[in-house]
Each structure stands twice: as C-alpha cells, then as structure tokens.
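Work through the exercises below with the model open beside you. Try each task before you read its solution.

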Amino acid sequence: MDDLPWDALHARVTACTACELSRTRTQTVFGVGDPRARLLIVGEAPGAEEDRLGEPFVGPAGKLLDEMLFAIGLRREQVYIGNILKCRPPRNADPTTDQARCCRPYLMRQMALVRPAVILAVGRIAAQNLLQVDTPLGRLRGASHPFALDPHHAIPVWVTYHPAYLLRSPAEKSQAWADLKKVRHALEAVRS
Ligand code: URA
C-alpha cells in the first residue's frame, strides 16, 4: 500500500472486500478534493447519500461542512475530504474496531499522498480513530495533536464537532467556529 499512486489506490479501494461492509455498500466512497490540498478533512463514514453518489459529505451534513469551510475562506475543491471508512455501515452504525482497522491503510496512504499542512477531524469517531485514542471529544478540541505520518513528519490534527451533530445541536455552532478559527490560524502559520 505504501507506494501506491492515486489511481492504483483508488482501484484497490473500489475492489476492497476486507470487511463485511463490502457486501452491503452500493459503492465505495474513496475521497474527493485537491490531491495537493493544505487542509485534509477526516470524517467518519459514508451515509446514505454518499453511498448512493460515491462522494463524501454530499448530504445535509456536507452542506454544513461546505459552510464551515467557507467560514475560513476555503471552497470544497481546495481541500481534500476523506473518511475513516470507505463503505457505508448499514443504518449508519458506528464503525467497529475491525472495520476501522481494515480501512485504515487507505486513509494513511491518502494522507501520505496529499501531505497536508493541517488535518481537521470532524466528530468524535473520526478523531478517536485517527488519533487512536479514546479521549472524549471535548478534551480533544481546542489544541492540536501531532499525527506522525512517518518517523520524520508529523501533521497537526485539529478536532471539532461533526456537522451532522451541529445540525442537531445548533447551539454548539459558535464553539465549532472557534475551532475553525484556530484551524485557519494554523494554516496561516504554516504558510508564513
Ligand atoms: N458523515 C461523514 O462522517 N462522512 C461522510 O462522508 C458523510 C457524512
């Protein structure tokens, strides 16, 4: 996996049968965006719309994610968006440990190919799986966490609420905007 270019990685994901989700998916949801993006967004798993269309964050949560990005001056096409799982869990169940383990090499390779300056994990499941911790979301927000892409290169991971959660709990939006401002500053800091 470590040396696969984009097209071979995409083909590998499309053909994946590593876990039982391959039997219930409509299609895999690989990831989308600028392959040289400075910001990489990590979500949880495809939902019904994503499973139907083959693209991450295209349902209602995706619309809010687009707005969140817009708030920090970015369009969807300027970032890279991927998920912990490439296949939809039936009934949108939380990813199991085994499903996340099977899928992890794909996201790792996507991150290595993009080599973003900053990563933003949206929601508890994305953050905990990416960072391999079980710390509550509230304690992961507010500061960055180094993610070692390889022994010589760590990328700061910021954490905020999942847009689907913000749709259900709009009162938390102001906290998410505060997180996003930190992400914007982090991006600016790496540029300068
Ligand atoms: N929620 C996610 O975490 N990812 C998607 O792609 C869609 C909804």
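**Exercise 1: Two neighbouring strands**

Val42 stands opposite Ala121 in strand 4. This is a predicted model, where local features need pLDDT of at least 70 and side-chain atom pairs count only at pLDDT 80 or more, while totals for chains, interfaces and linings use all residues. Residues are numbered from 1 along each chain as its sequence is written, and side-chain values use heavy atoms, with hydrogens and water left out.

Task: find how strand 2 (residues 39-43) and strand 4 run, and how many bridges join them.

Solution.
- Step 1. Fix the terms. Strands (E, at least two residues) and helices (H or I, at least four) are DSSP runs, numbered from the N terminus. Two strands pair if DSSP finds at least two bridges between them.
- Step 2. Locate a bridge. Ile41 has Leu120 of strand 4 as its bridge partner.
- Step 3. Give the result. Strand 2 and strand 4 run parallel, joined by 4 bridges.

**Exercise 2: Further pairings**

Task: name the bridge partner of Leu40 in strand 3 and that of Ala121 in strand 6.

Solution.
- Step 1. Start from strand 2. It pairs with strand 3 (residues 80-83) in the parallel sense, over 4 bridges. Leu40 has Tyr80 as its partner there.
- Step 2. Move to strand 4. It pairs with strand 6 (residues 153-160), again over 4 bridges and in the parallel sense. Ala121 has Val159 as its partner in strand 6.

**Exercise 3: Buried or exposed?**

Task: decide how enclosed strand 4 (residues 118-122) is, then do the same for strand 2.

Solution.
- Step 1. Set the cut-offs. Buried means under 20% relative accessible area, exposed over 50%, and partly exposed in between (1.4 Å probe, protein chains only).
- Step 2. Count in strand 4. Here 5 of the 5 residues are buried, so the strand is largely enclosed by the rest of the structure.
- Step 3. Split strand 4 by side. Val118, Leu120 and Val122 point one way, Ile119 and Ala121 the other way, and all are buried.
- Step 4. Turn to strand 2. It is mostly covered, with 5 of its 5 residues buried. Leu39, Ile41 and Gly43 lie on one side, Leu40 and Val42 on the other, and both faces are covered.

**Exercise 4: The whole chain**

Task: why does the radius of gyration of the protein chain agree with a compact globule?

Solution.
- Step 1. Know the rule. The radius is taken over C-alpha atoms, and the globule rule is 2.2 Å times the number of residues to the power 0.38.
- Step 2. Compare. For 192 residues, a compact globule would have a value near 16 Å; the chain has 15 Å, which agrees.
- Step 3. Add the box. The C-alpha atoms fill roughly 40 × 40 × 30 Å along the principal axes.
- Step 4. Add burial. Buried residues make up 49% of the 192 residues.
- Step 5. List the elements. The chain has 8 helices and 6 strands. Along the sequence they follow α-β-β-α-α-β-α-β-α-α-β-β-α-α.

**Exercise 5: Empty space**

Task: which residues lie nearest the centre of the largest cavity, and which are closest to the centre of the largest pocket?

Solution.
- Step 1. Define the spaces. On a 1 Å grid over the protein atoms alone, a cavity is a set of points where a 1.4 Å probe fits but cannot get out; a pocket is an open set with protein on both sides within 12 Å along at least five of seven lines; lining residues have an atom within 4 Å of a point. Grid points are joined across faces, edges and corners, and a volume is the space filled by probe spheres set on the points.
- Step 2. Take the cavity. The structure holds 1 cavity of 30 Å³ or more. The largest cavity has a volume of about 100 Å³. Its lining has 13 residues, with Cys16, Cys19, Arg25, Cys87 and Cys103 nearest the centre. Helix 4 (residues 97-114) gives the most to this lining, with 3 residues.
- Step 3. Take the pocket. The largest pocket holds about 620 Å³ of space. Of its 24 lining residues, Glu44, His162, Ala164, Tyr165 and Arg168 are closest to the centre.
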